[in-house]
Structures are given as structure tokens and as C-alpha cells.
Amino acid sequence: MTTPLTGTAESRPAAAAHQARRRRPRSEILWGYAFIAPTGLGLVIFYLWPVLQTAYFSFTEWGAFGGHTWTGLENYTRLLSDPEVGQAVLNTVLYTALGLLGIPLAIVFAALMNRPRLRGVGLYRTAFFLPVVTMPVAVAMLWRWLYNGDYGLVNQVLAVVGIDGPNWIADPATAMYALVVVGIWSSVGYNLIIFLAGMQGIPKELYEAASMDGAGPVRQFFRITLPMLSPTAFFVSIVSVIGSLQLFDLVFVMTGSGQAARANPAYSRLQTVVQLFYERAFVTDDRGYAAAIVIALLVLIAALTFVQFRLQRRWVHYA
Amino acid sequence: MWKSARRGAALLCAALLASACAGGEQASTGAQSQGKVTLSYGVWDATQQEAMQELAAEFTKTHPNVTVDVQLTPWLDYWTKLKAAVTGGAAPDVFWMNGPNFQLYASNGVIAPIEEQLDTSVYPKQLVDLYTYDGKLYGLPKDMDTVAVWYNKKLFDDAKVKYPADDWTWADFQEATAKLTDAKKGVYGIGATLTSFQEYQYNTIYQAGGYVISPDGKKSGYDDPKTITGLKFWTDLIAAKQSPDLKTMTDTATLQLFEAGKLAMYWGGSWDVAEFSKNDYTKDKVDVAPLPKGEKQATIIHGLANVVSAKTEHPAEALEFVKFLGSKPAADILGKKGIMPAYNGTQSAWVAAHPEWKLQTFLDAVSYAVPYPISKNTAAWQEAELTHLTKAWTGELPVEQAATNLAAQMNELLAKE
């Protein structure tokens, strides 16, 4: 780094100007910190501190009413041999992977909605965005009724065409897929809005040039829209993978909250990592073990996000 | 711009200070008021809130220096919140307790034993035993409930089946169930509910002569052949298609199926009076019969108790309040509100409220009732019950196998208590 002491005469004015820009009045710096303090403090107190505490608690065993003893790696060795943890991780990863199918879907819908002179575009956008602003609990309750094996709308519609539908969320064979449909349905609107914004940021000249060269709308979509959209798709995939890995509310409500959920024959196929954490932390009062479960989830999320960042070089184009 | 920013910051500081002061003030008034005592009373049932407030007001009449603040926390959050409050030293002075949670609270010293000698013969003995830990009584029974068969008279008439007799047996029940099932109409004799052991499995386990947990609370009874007979009672009904399968019962609760006329019988508690008297379909179609007799006659009895927090600042007043809640005048008020009080001989108002039903059945059942099985960490093995028995209910595993697996896990959990 160039400093005034070692700098040549020529570089001096530039360095001085640089210095002037950097050295702000002390009070200004203090005020800057004062302004970020509420957010910063909130972050430290409500996010960072609990994370560190949880990490510490994952090495302890808890009583039902507080008080903990250090048990070292015991929770983690138990974690590795607990078949429920393995199944929950499997379920969560499967849900996350299937949930990614929502991304191409959102791109297609966004492309359809991005066409110029499309009538009623506001209506479509509202319709797609509505599930996003609806409370997840309400969404889950509603779908629970729709999926009811005997009285649900889904099976009544299927009955019209002569299909005897299953008990969607009580049947181990269908439960996960039924859940993914709800997950995609409730997130496609959010992704769609982001993709729309991304599409509107693509320079019009590219399309004009392409149509002069004789490229049709389909070709333009694959050759211009998709590559130009890849940074947006990358962002969306990062966010939705993290969101999917933390899935809780949908399953909690759809399987029937509380211990009764375990009487759902499909429960072992639906139980997510966060759900298992909830049961250990708040139902059976096994808080140390619960802490170990979420720390493992944190590691899983970090690992998958890292992999995604490594893979982005292969498919994301920054214009 | 700087000026306004500074002013804004000053305002913010002022607001923070003001709120801090307000908080301090609130805390200090509670401690300062001598002579005047406010007790907090934690409850979870919104339908009983009014009755609890009436009881609180009644108590203040005889104890003018004490006011009671009834704090309602809905059932789903009650225990989570209570545990957090206990951990943070902010538990209510007096609160509702139930069987499955009792020993956890007593063994951790969260609730205070009642040292005073009280006459407990006025309550059903099973309930006094339920709230006794290590030879000490911790709570006075508030209300009670037993289980009986609610049956749909119309479906019995349609199938030309005689209404259940007071001395009916498992064989009679099975015969009736078979006759009442009508696949074409989508009607089943019974729903072999898995999610309420209190109303279903525990009853048949004790009727078969089995047990859920040994009296010393150390050993699971699920590998006992008689206990398994009590479980098979239900899985056989599913296998015979006289009960809906577990998938159907997961999608639609058996209570809803019964109220839609799809189940001829429903094993339910005395608390269902409130539900069935409000429901337009059931209110003039159902009646009550005792549970059928197996090797023995049995029904599960349970009831809530009022307990005193071990950390209360007003132990004397809190105990006075609990004694009042367990007294005859309090029981009379409860009975009038449609809650079956635990105090012997005060249940007549509860029975008389619905002359159209044989509610006396629930009271008569007390003589052969078995207390709800519990241990120190009941929640842990209750989760195991569901996890393992779900496999028996779906037919994935034979009942014997599922029950043996359950017994093994439950013994492991009990050893850790």
C-alpha cells in the first residue's frame, strides 16, 4: 500500500486526496456506528449469541427445567447412530432437491408474463403472489383439507375421471410428493417476481439484434433470457435451498401438530430435521441433543451452499 | 441534517429510557404492596376461564387481601411456556397440573408438596395417588374424567342392534361392531383411534389384565402377553374392516367421523359432554354406555389438580387458594359450569345437566377405574408408544413385534429417569 512516507513526489497529490477521503471527522465515524448499532446489536444479541450458545449447548445434557452438564461429544455420537436423524436428513434433502423443480417453473411463468402487451398481467402476478403473502399455517391447513383421502377436493376431482386417489399425506408412498407440490405452489410467486425483475434488467438491444438476425421467441429465450438470467437463478437457488432445508411449519401443520403427528403412517417419510429438533427441544426436553441436531443442520446448509458456490462457475454468466 | 439526526437519536434514547423506567415501575409495585397480595393462576382451557374467574372472585370474598389473576395459556403452548417460566423463575403461583407432567414437576422440585394434613378421603383415591410422589401429596384434585362408550342410537336402530347393556362384554362389543359395520354406506362400528391412549388402548390393556407400566415406574408392560391382547383388540377391528384404517383416521379424526354418522360407537371421555351437546348431529342421537368388560372391568380415570409453585412469594396464600379450589363450594360452582368436579358427592349437578344421557355411567365407573399410567418423564415414552404402535396399526409389523420393540425402548427410557 502506498503511504505518503514512501510515495514519490508524483504520487503524492493522489495519495493525499485518497487520505482526505478516508480520514473523516471522528464524530462522523461515531455517528456511523451509532446508526448501525440498533441493527448490529440486534444481530449480535438475537442471532450471533444464540448461535454460539447453541453450539456450546450441543456438548451438554439438559434437565427439563434448565441446568446442564458437560457431556463432550456424546450428543454427536448419538446423532450418528440415531436412525431418526438419518431419515430426517434424507427427507429434508429429498424435499430440497424436488423443491428446486420450482425454479424452472418460475422462469417459464415469468417469461410468459414478461411478454409485451400481455393483458391482465397484474391479475396473474397477484394470483401467483397470493400464496406468498398467505400465512404458511393457513396454507398448510387448506391443503390438508384438499388432500383429505375421503372428502378432499383433489380426490373428488380425480373421482370424476375415474381415479381412486390415495390418502395423500397419510400414505408413505405419496406424502413427500404432496408436500413438495405445496412447497412449490407457495414459493413460485416469490421466485417469479425476482425472475421478472431479472428479465426486465436484460437490455432490449440484445433482443432487437437477435430478431434482426432472425431468431424467434423460443430461440431468444434459450440464447438470451436464460444465460442473462443465470445470476438471478443462482440467487434464487441459494435462497430456496436454505429455505427448504429449514422446512418446519408446513409439515408441522399438515401432519397434525404435536405428538399425534407420529400416528400418521407417513410421518417417518415427512419428518424434517427442524421438526426433529422441535420434538427433542420442546416435547421430550432433550435440549442438548436438540442443539446438536441444529448444529448438524447448520453444517449441512453451509456445505450445500459451498457446493453451490463452487458449481456456479459452470453455469452462471455475469454479463 | 445533522441536527435532525441528533434530535432523532436523542428522542430514541429518551424513549428507551422511558420504557426502561416503566418496566422498573411495574416490577417494584408488585413487591412493594404489602398486605395486598396478588396470586397468579395459570390455566389452559379457554372454556373454563369464566368458571376460574368466578372461583377467583369467590376466594377474594373470604380473603379480601388476596386477588387472583387468572392467566390463560392455550393448551398447545401451556407446557412449553410453563417450562420456560419455571426456568426463568417466573412461574405462576398456582397452576393446573395433569398426570403425564406431574412427576416431572414434582421430582424436579418445581412444585411444593402440601405439608399440611388434609382430609383427602373426599376425592377419588386414584386421583390422590396420581398426585402423590415419594409419599407426599403435591396437588388437590380439581376435576375428574373417566371413559365410556358414546354410541349413535340411530345407527344402532338402523342396523337393528340392541343398545349396549350395562354388563356387556368384549364378545358383545365385537358382535355389535360387526353388525353395525356397513361398507356400502361407509359406516364402521368403531374407529380404532391411535392418538388417544387414554380413551382407547389403556382401557383395553387393563381390561385384558395387562399393564402399561409397573407400579414402581421402572418397567414397561408392553411385552406382557395380556397387554398385547389389549392392543390386538383394536388391530383386529382394523383388520376385519370394522374400523377405518389408520390412513383414513389420520386424514379425518374419529371424533369428526362419529359426528358425521360414520362411526356407530366412539370411546370417549366425560369431557365430550360439552362437545356432543353442542353438535347439531350428535345432541339428540347419542347416549352413553359403560366400556365392555374384558377379563376385568376397567376404565382410565384422570383429573387435573391445582398445584403451588415451589418458588412462590406467597406460599401461605397460594396454599389457601388451592385448598379453596379443592373445597365443596368450589366443586359446586364447577359442576354448574359443566365440569365434573373431583370432590365426592358434588357431581350431581353435572349429571343432572343432561338428563337425556346416562351420565351416571361415568360416575359409576370410578369404582373400577384405573389411574392414568405415568412416570417421571411420561412424554418420552408416550412418543415411543406412537412411533412403534403406528407400525402395528398399519399392519407393517405384527402387534407382538411392535409391542416388544416398544417395551425395549420404553425400558431404556425408564432406566434414564
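Biologist: How far apart do the end C-alpha atoms of residues 228-248 of chain A lie?

Modeller: Keep in mind that this is a predicted model. The UniProt record, an unreviewed entry, lists 228-248 of chain A as a "transmembrane region". In the model that span is 86% helix and 0% strand, and its end C-alpha atoms are separated by 34 Å.

Biologist: And residues 29-49 of chain A, what percentage of that stretch is helix?

Modeller: Residues 29-49 are another "transmembrane region" in the same UniProt entry for chain A. Here the end C-alpha atoms sit 25 Å apart, strand makes up 0%, and helix comes to 100%.

Biologist: Let's talk packing in chain A. Are α9(A) and α11(A) parallel, antiparallel, perpendicular or oblique to each other?

Modeller: Helix α9 of chain A covers residues 175-200 and helix α11 covers 217-245; their axes come within 9 Å and cross at roughly 140°. Roughly antiparallel would need an angle over 145 degrees. That crossing angle therefore makes α9(A) relative to α11(A) oblique.

Biologist: How many charged residues are in the contact of α9(A) with α11(A)?

Modeller: The two helices cross in a right-handed way. On α9(A) the contact uses A:N191, A:I194, A:F195, A:G198 and A:M199, while α11(A) brings A:T225, A:L229, A:T232, A:A233, A:F235 and A:V236. Sorted by class, that gives 7 nonpolar, 4 polar and, for charged, none.

Biologist: What about α14(A) and α15(A): roughly parallel or roughly antiparallel?

Modeller: Helix α14 of chain A is residues 273-283 and helix α15 is residues 287-315. Their axes are 7 Å apart, at an angle of about 160°. The cut-off for this class is over 145 degrees, and so the pair counts as roughly antiparallel.

Biologist: How many charged residues does the contact of α14(A) with α15(A) have?

Modeller: This crossing is left-handed. From α14(A) come A:V273, A:V274, A:L276, A:F277, A:R280, A:A281 and A:F282, and they meet A:R287, A:Y289, A:A290, A:I293, A:V294 and A:L297 of α15(A). The tally is 11 nonpolar, no polar and, for charged, 2.

Biologist: Over to chain B. Are α7(B) and α9(B) roughly parallel or roughly antiparallel?

Modeller: Helix α7 of chain B spans residues 170-180 and helix α9 spans 225-239; the axes come within 12 Å and cross at roughly 15°. Angles under 35 degrees fall in one class, and these two helices are therefore roughly parallel.

Biologist: How many polar residues sit in the contact of α7(B) with α9(B)?

Modeller: The crossing is right-handed. B:W170, B:F173, B:Q174 and B:T177 of α7(B) touch B:T229, B:G230, B:F233 and B:L237 of α9(B). That contact has no charged residues, 4 nonpolar and, for polar, 4.

Biologist: Zooming out, how many residues of domain 2 of chain B are in contact with domain 1 of chain B?

Modeller: The assignment for chain B puts 35-145 + 303-352 in domain 1 and 147-301 + 377-416 in domain 2. Taken over C-alpha atoms, their centres are 30 Å apart. Domain 1 puts 8 residues into the contact, and the number from domain 2 is 8.

Biologist: What distance separates the centres of domain 1 and domain 2 of chain A?

Modeller: In chain A, domain 1 is 1-45 and domain 2 is 74-315. Over C-alpha atoms, the separation of the two centres is 44 Å.

Note on methods: Residues are numbered from 1 along each chain as its sequence is written. Chains are lettered from A and ligands numbered from 1 in the order in which they are written. This is a predicted model: local features need pLDDT of at least 70, side-chain atom pairs count only at pLDDT 80 or more; totals for chains, interfaces and linings use all residues. Side-chain values use heavy atoms; hydrogens and water are left out. UniProt positions are given in the numbering used here, feature names are shortened, and annotations may be inferred rather than shown by experiment. Helices (H or I, at least four residues) and strands (E, at least two) are DSSP runs, numbered from the N terminus. Axes are lines fitted to C-alpha atoms, for helices over the stretch in contact, and angles run from 0 to 180 degrees between N-to-C directions. Angles under 35 degrees count as roughly parallel, over 145 as roughly antiparallel, 65 to 115 as roughly perpendicular and the rest as oblique. A crossing is left-handed if the near helix is turned anticlockwise from the far one by less than a right angle, and right-handed if clockwise. Contact means heavy atoms within 4.5 Å. Ala, Val, Leu, Ile, Met, Phe, Trp, Tyr, Cys and Pro count as nonpolar, Asp, Glu, Lys and Arg as charged, and the others, Gly among them, as polar. Domain bounds come from an automatic or database domain assignment.
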